[in-house]
Amino acid sequence: MSGHIQTVSFDGREIRLTTGLYAPQAGGSVLVECGDTSVLVTATRAKGREGIDFLPLTCDYEERLYAAGRIPGSFFRREARPPERAILTTRLIDRPLRPLFPSWLRDDIQVVATTLSLDERVPPDVLAVTGASIACLLARMPFSGPMAAVRVGLLGDDFVLNPSYREIERSELDLVVAGTPSGVVMVEAGANQLPEQDVIEAIDFGYEAVGELIKAQLKLLSDLGIEQVIPETKIEDPALPNFLEQECGAGIAEVLKQYSLTKPERDAKLDVLKGEVAAKIATLGDDDPIRLAAAGKALGNTYKGVTKKMMRAQIINEGKRVDGRDLDQVRPITAAVSVLPKRVHGSGLFQRGLTQVLSTATLGTPSDAQELDDLNPSSEKTYLHHYNFPPYSVGETRPMRSPGRREIGHGALAERALVPVLPAKEDFPYVLRVVSECLSSNGSTSMASVCGSTLALLDAGVPLKAPVGGAAMGLIKEGEEVRILTDIQGIEDFLGDMDFKVAGTEKGITALQMDMKMAGLAVKTIAEAVNQARPARLHILGKMLEAIDKPRDTLSPHAPRLLSFRIDPELIGTVIGPGGRTIKGITERTNTKIDIQDGGIVTIASHDGSAAEEAQRIIEGLTRRISEGEQFSGHVTRVIPIGAFVEILPGKEGMIHISQLSEARVEKVEDVIKVGDQVRVRVREIDNRGRINLTLRGVDQEEPVAVTA
């Protein structure tokens, strides 16, 4: 077997592209390697389906744990449903790829990226995104590429290209930029409250690096003698659009200018106009070209196209949106907290226009952390954000299924926005779960989830470093005319060219996500959108702070109480005991939940504070270093023929031999002490097995001692 190998020098490292060797029956395939990370990406095209009006593109990112030398931890010991991070990588591939295919394409396209080997210094996700572009080009698909992606980190004052996992953990920024020769096509970022200008410079830095990978792809095509298939622009018959504009254009324009209409009212009026023109077309002859052109889904799609054209023209020419807002104006906002009983540890309701999200916060113990079984080195998550999008939120009916890729993606974005402001584990050792229920959707429910989650966490008493808010920015581009929209609603998202979500605090940005419906956008325009988002975010934060401006002083009475302290890691086994009997006994005795980390940090959870304190006293007693000569006051727990056992510290006993009960000879232990007696004892010795031997000899029973069991 042989193939073509091309090496690309990139930021001091080598990226190897192997083509013509693997997956020979796929439409196009490439093995992308950097360090010891290897990702096989394939793209395959099949004949399209009749009657569909969308591009059936499917992207899949497959993780194989053998890539990291691991065996799956599931019952079947094989990979099953993809983990959340794999789904997010799938979206990372799909989002910059989808707008690069022509709108008329109806063939089934599937892109599959499989990580075959993992080097912890080289995350595979951005390699998979670039590999997807190469595979599509090799498959000779109509494609407005090449497209490539890079990750940008910020360590100190320096930007770093494609940082390692460890560098990402230390970085103030985790930014992925994907671009084409036409500009930036996708941005995904998490940041530690970075100023807008720093983020803009990072995007520009990343896009410049993308250019090098684009050149490498063009060279690869040239070396292989492959000519890129440039998507042709199909000229549609203007007869039906012209007919619709003539018959109902004035009516559509009138509806779009009725600024007081709600979304359902506007949609209903537009549907009436469509029904009227459909009825008129139905009266035309069977051979009429207009009636033939309007067959199937063509009428509905063309009507949407006419509506889109008129809405965009209204924004470009008049600077007015369908709800009458100025381009930089935020919809009316309401915010409330404690909307649910305190059995829910914290709750917040956030509404912006017709978008409404209810977020709840739950405080859990360390054992509630999510264990991760994927290729990422991180093994657990202690902050979980889940997003639900039921059909009633958009007035629809459909089966309720498990969360889809969209729900997982929106939840991850809101999670990323809040992580930088969460308190340190040492200060607030709870595991946190936030659930955002989208009750009504008319644009930017993910950013409403960020706002609602901030309200819920503050209501739960979580000491956030700062409140986080967010808004979605949109864009309309007609020729050289560009208009940036603040706080887009559903119709502006659907009919616009960009969905750019920006979340952050008053200090700076914590999360970004930009998706395009065009082949690229200049960094200058992105900078304008980032800067325009800041006053909107501050306005939203102001409305949120009117509802709650600081964390609750007390937790919900139904939230667990946690005590956290450290013990000597060498004594963890003492607390756990043989077969876990000791720790089980403590939890049953105190009705608490106890977690011990490898570093010796003990966390005790209980709804009863005094019970948690008792468990702490027992554990501290078990792990306390005892010295010979120390005196304790304890009670007799049991008597045996040769002596008695005394609990000198919670959970820790020593034995008094019968010969140590008195200066005089003792015939029977019970002649001196009995079970339940409180006695003062001195530690006589600690033998080589760690057993504590006590004595009563020479101990003044009236003299107080510092430690009492």
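Strands E7 (residues 148-155) and E8 (residues 158-161) pair in the antiparallel sense through four bridges. In this predicted model, the two strands form a hairpin with two residues between them. One residue of that turn, Gly 156, has a positive phi of about 70 degrees. Leu 155 of E7 has Asp 158 of E8 as its bridge partner.

E7 also pairs with strand E9 (residues 173-180), again in the antiparallel sense, and here the pairing runs over six bridges. Within this pairing, Arg 151 stands opposite Val 176 of E9. The surroundings of E7 leave it mostly covered, with eight of its eight residues buried. Both faces of the strand take part in this: on one side Ala 148, Val 150, Val 152 and Leu 154 are buried, and on the other Ala 149, Arg 151, Gly 153 and Leu 155 are buried. Arg 151 is thus a buried residue that faces Val 176 across the pairing with E9, while Leu 155 is a buried residue bridged to Asp 158 in E8.

The N-terminal part of the chain contributes to an open sheet of six strands, arranged in the order E1-E2-E3-E4-E6-E5 with mixed pairing. Strand E1 (4-10) and strand E5 (57-63) each have a single partner strand, so they form the edges of the sheet and one side of each lacks a neighbour there. From one strand to the next, the twist averages 15 degrees. At the E1 edge, E1 pairs with strand E2 (residues 13-19) in the antiparallel sense over seven bridges. Val 8 has Ile 15 in E2 as its bridge partner. Helix H4 (residues 196-224) lies across E1 and E2, and runs at about 160 degrees to E1.

Further along the chain, two helices meet. The axes of H9 (residues 405-418) and H10 (residues 445-459) come within 9 Å and cross at roughly 50 degrees. Because of this angle, H9 is oblique to H10. The crossing of H9 past H10 is right-handed. On the H9 side, the contact is made by Arg 406, His 410, Leu 413, Ala 414, Ala 417 and Leu 418. These residues meet Thr 445, Ser 446, Met 447, Ser 449, Val 450, Ser 453, Thr 454 and Leu 457 in H10. By character, the residues of this contact comprise seven nonpolar, six polar and one charged.

Terms used. Residues are numbered from 1 along each chain as its sequence is written. This is a predicted model: local features need pLDDT of at least 70, side-chain atom pairs count only at pLDDT 80 or more; totals for chains, interfaces and linings use all residues. Side-chain values use heavy atoms; hydrogens and water are left out. Axes are lines fitted to C-alpha atoms, for helices over the stretch in contact, and angles run from 0 to 180 degrees between N-to-C directions. Angles under 35 degrees count as roughly parallel, over 145 as roughly antiparallel, 65 to 115 as roughly perpendicular and the rest as oblique. A crossing is left-handed if the near helix is turned anticlockwise from the far one by less than a right angle, and right-handed if clockwise. Contact means heavy atoms within 4.5 Å. Ala, Val, Leu, Ile, Met, Phe, Trp, Tyr, Cys and Pro count as nonpolar, Asp, Glu, Lys and Arg as charged, and the others, Gly among them, as polar. Two strands pair if DSSP finds at least two bridges between them. Buried means under 20% relative accessible area, exposed over 50%, partly exposed in between (1.4 Å probe, protein chains only).
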